[in-house]
Amino acid sequence: MTAAYCTFGCKVNQYETDCIQELMERNGFVTVDDPSAADVVVINSCTVTKSADVKLGQLLRRIKRQNPEVVTVVTGCYPQAHGITELISDADIIVGEANKTAIPELVSEFLEKREKVRSIQPHKKGEAIESMSLTKRADKTRAIIKIQDGCDRFCSYCIIPFARGRSRSKPIEDVRSEASKLALQGHRELILVGINLSCYGEDLGEYDLSDAVHAACLSRADRVRLGSIEPEMLTEDIIKKLSQEEKLCPHFHLSLQSGCDRTLERMKRRYNTDDYRRLIKLLRNYFPGCAVTTDVMVGFPGETESDFSESVEFVKEIGFAGVHVFPYSEREGTAAAKMTDSIPKAERYRRAEIMSKAAEFGEEAFRKAHLGQTVSVLFEHEKDKDFHQGHTKDYLMVKVPKVQDSLWKEIRNVKIISCKDNCLYGEIINPVAD
């Protein structure tokens, strides 16, 4: 039988889908790209925003319309947070967050009995992370490793702690083993991800994020990269230890959400702008020239024009290498959804546009600082007939004129010559990988 996979949301979800696919293949299912041609379709859902829910429902209906006989599986954050709602009730199999590895078995059960399967297990305090491991990531340049799940922070706008449960960490020996296997499969860069990555090891007692990075760096991979990090658990001691790992890419996606202390307090974030500013200084001291990227929310309930202006000025001050700007979206079940001083949606989008323009100055300055430099580039799948493309260690896109059919998964030194259209252009200066 054949199976197709659809993923919404973050890199954690991407990793889990990859693991489900690998388990399905071990159970005899052949992967196909087209859901309309598959016997089984697995949809890994996200529920961070209401629009993600809408897209999930639309996709499920479209798949059923195009392929009425297909077996549909809906798993992930949506069913775990909201249960069996009308949005997903037509799915043949619904699985929560705690037992995604059981999906091949549940599919077999459905095929045998032709009875709908509902398997959502409630999260429990002290539960262990679900045992998941990936041995390959076919046709991908980078391999993702989930090392942490869940979050204990309960920010006022966020549904994720209800969907993902409490923070829990992958055992350090499992991180080391998985990293080694993925590197042996030819992945030259490994990305460590989690729901609240900086909390890694908090439940293990004797480890922290730097230990997980070290375990990954022991593999044959050339690069190790961190996913999104929350600021409050990133200490100077951890940053110092991270700086001693030569393979660690100097790119830190440090979530901000707002550059206004009043808004951060209403969001129930556990830091203020002074704390964040100090962290940026530490990162730039230990990793000179590093890329710091972030997320910024605008239009949070009660955000005044003055609060917004303060946030804009803070973003300008820091000078991020990249900023993901997004308007606030209500999530039923969160504290923020009950706040009465909401911002009109048109105003949220207006502020998002202003914030994005303000962020462009720092982004452009960071790219232009690479002009004339020689950088290491990991090349990706060929997408252009005239150029090879890849990313630097600090995750800037680089294009170079074609020198051969493919440079996929090769690492070359490139001298940067120009900068345009949010991209660096250069020429390869060494004929072999560094």
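**Notebook: aromatic pairs, a barrel and a helix contact**

I began with Phe387 in this predicted model, and at 26% relative accessibility I entered Phe387 as partly exposed, because the buried class ends under 20% and the exposed class starts over 50%.

Next I looked up the ring partner of Phe387, and I found that Phe387 and Tyr425 form an edge-to-face aromatic pair, with 5.6 Å from centre to centre and 75° between the planes. I then placed both residues: Phe387 belongs to strand E16 (residues 387-391) and Tyr425 to strand E19 (residues 423-428), so this pair ties together parts that are 38 residues apart in sequence. For Tyr425 I noted 15% relative accessibility, which counts as buried. I also checked for a charge at this ring, and the charged end of Lys420 sits over the ring of Tyr425, 5.4 Å from its centre.

**The strands around Tyr425**

Which residue is the bridge partner of Lys399 in E19? I found that it is Tyr425, and I noted that strand E17 (residues 397-401) and E19 run parallel and are joined by 2 bridges. I then followed the sheet as a whole, where 5 strands close into a barrel in the order E15-E16-E17-E19-E18, with mixed pairing. Neighbouring strands of this sheet are turned against each other by 55° on average, direction ignored.

**Other rings**

How many aromatic pairs does the count come to? I recorded 8 aromatic pairs. For Tyr276 and Phe320 I noted ring centres 6.2 Å apart and planes at 65°, so this pair is edge-to-face. Tyr276 lies in helix H10 (residues 273-286), while Phe320 lies in the loop between helix H11 (305-318) and strand E14 (322-327), so the pair ties together parts that are 44 residues apart in sequence. I looked up the accessibility class of these two residues as well, and both Tyr276 and Phe320 are buried. Ring pairs also link Tyr276 and Phe320 with Tyr271 and Phe314 into a cluster.

Elsewhere I looked at Trp408, and I found Lys409 over the face of its ring, at 4.8 Å from the ring centre.

**A helix contact**

Last I turned to helix H1 (residues 11-26) and helix H4 (residues 103-113), which pack at an angle of about 50° with their axes 9 Å apart. I entered H1 as oblique to H4, because this angle is neither under 35 degrees nor within 65 to 115 nor over 145. For the residues that meet here, I listed Ile20, Leu23 and Met24 in H1, and Ile103, Pro104 and Val107 in H4.

Terms used: Residues numbered from 1 in each chain as written. Predicted model: local features only at pLDDT ≥ 70, side-chain atom pairs only at ≥ 80, totals over all residues. Heavy atoms only, no water. Phe/Tyr/Trp six-rings, centres within 6.5 Å; stacked < 30°, edge-to-face > 60°. Helix = DSSP H or I, 4+ residues; strand = E, 2+ residues; numbered from the N terminus. Buried < 20%, exposed > 50% of the residue type's maximum accessible area, 1.4 Å probe, protein only. Lys NZ or Arg CZ within 6 Å of the ring centre and 35° of its normal. Pairing = 2+ DSSP bridges. Axes fitted to C-alpha atoms, helices over the stretch in contact; angles between N-to-C directions. Contact = heavy atoms within 4.5 Å.
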